[in-house]
Amino acid sequence: MSPASDCLSELSDISPAYTFRTPQATDGNVVFELVSRCQPLDENSLYCNLLQCSHFSDTSIVAEAKGQMVGFISGYRLPQQPNTLFVWQVAVDASQRGKGLASQMLENLVKRVADVTYLHTTITPDNKASWNTFKRFALNLKAPLSHNVLFDKHQHFAGKHDSEELVVIGPFTRL
Ligand SMILES: CC(C)(COP(=O)(O)OP(=O)(O)OC[C@H]1O[C@@H](n2cnc3c(N)ncnc32)[C@H](O)[C@@H]1OP(=O)(O)O)[C@@H](O)C(=O)NCCC(=O)NCCS
């Protein structure tokens, strides 16, 4: 076992309270409602969430506690770099925050998606919880993390949205 997968195995043992599974199309509406409750996430259309839960289900994950969805990550492989998992959104119900759920979802997802050696995501500069979540993930995998503005507030968002920084984590060991 590699040092990275050693670290991930230890993390898995911290809390057995959650179950993790691949999304299915019938989850779309519950995902839509969870994301709506998780500011500052952008709401997508319900149709978009249905596509995430069907076309992109292999690269997305649902977390449940007592049969209720309490966490969701949407992601996809970059079309030109299939070894890179792009994490689109991470949503954890407010009742479950600060318990390591986002970290566990990321860990489970990366374990499941074959042949991924890089993770990309975007984060707004002021989203401390999100920065710390991805910094923790990189630390656990002993992988480098770098970041640079990808979509600029003025150049790309016409002032309507904060800049989004591209965060690049990797390479990391295949799990
Ligand atoms: C960001 C979010 C997904 C984190 O979920 P979570 O399950 O609470 O995160 P975890 O408990 O796994 O914590 C991961 C790391 O982030 C840190 N962290 C979590 N919430 C934090 C907060 N509000 N402020 C600062 N650090 C925070 C934790 O301490 C942990 O770091 P550590 O292991 O070094 O101590 C959750 O707060 C959320 O859904 N926020 C609203 C939506 C959002 O902003 N999503 C991210 C953008 S895609």
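**Figure 1. The whole chain, with 45% of its 175 residues counting as buried.** This is a predicted model. The chain carries five helices and seven strands, and if you walk along the sequence they come in the order α-β-α-α-β-β-β-α-β-α-β-β. Looking at contacts with a separation of 6 or more, 64% come from residues 24 or more positions apart. As for the outside, the accessible surface of the chain adds up to about 9200 Å², and carbon and sulfur atoms own 53% of it.

**Figure 2. A close-up of the ligand and the 21 residues that surround it.** Closest to the ligand are V90, G98, G100, N127 and N132. Three polar pairings are worth picking out here. R136 uses its side chain, with an N or O atom 2.9 Å from an oxygen atom of the ligand. S103 also uses its side chain, where an N or O atom sits 3.0 Å from a ligand oxygen. With A102 the backbone is involved: one of its N or O atoms lies 2.9 Å from an oxygen atom of the ligand. How much of the ligand does the protein bury? On its own, the ligand would expose 910 Å², and the protein buries 73% of that.

**Figure 3. Helix 4, running through residues 101–112.** This helix has twelve residues and spans 16 Å from first C-alpha to last, close to the 16 Å you'd expect at 1.5 Å a residue. Is helix 4 mostly covered or mostly open? Mostly covered: nine of the twelve residues are buried. The buried set is L101, A102, S103, Q104, M105, L106, E107, L109 and V110. Two of those names should ring a bell from the ligand view: A102 offers a backbone N or O atom at 2.9 Å from a ligand oxygen, and S103 has a side-chain N or O atom 3.0 Å from one.

**Figure 4. C48 and C53, two cysteines without a disulfide between them.** A disulfide is a covalent bond between the sulfur atoms of two cysteines. How many does this structure hold? Zero. For C48, the nearest cysteine sulfur belongs to C53, 9.4 Å away. Why is C53 unbonded? Its closest cysteine sulfur, in C48, is 9.4 Å off, which is too far for a bond, given that a disulfide needs the two sulfur atoms within 2.5 Å. Are these side chains buried or exposed? C48 has 15% relative accessibility, so it counts as buried. C53 comes in at 1%, so it counts as buried too; the cut-off for both calls is under 20%.

Technical notes: Residues numbered from 1 in each chain as written. Predicted model: local features only at pLDDT ≥ 70, side-chain atom pairs only at ≥ 80, totals over all residues. Heavy atoms only, no water. Buried < 20%, exposed > 50% of the residue type's maximum accessible area, 1.4 Å probe, protein only. Helix = DSSP H or I, 4+ residues; strand = E, 2+ residues; numbered from the N terminus. Expected span 1.5 Å × (residues − 1). Near = heavy atom within 4 Å. Polar contact = N/O pair within 3.5 Å; in protein donor to acceptor, adjacent residues only side chain to side chain. Areas by Shrake-Rupley, 256 points an atom, 1.4 Å probe, with all protein chains shown as cover. Contact = heavy atoms within 4.5 Å.
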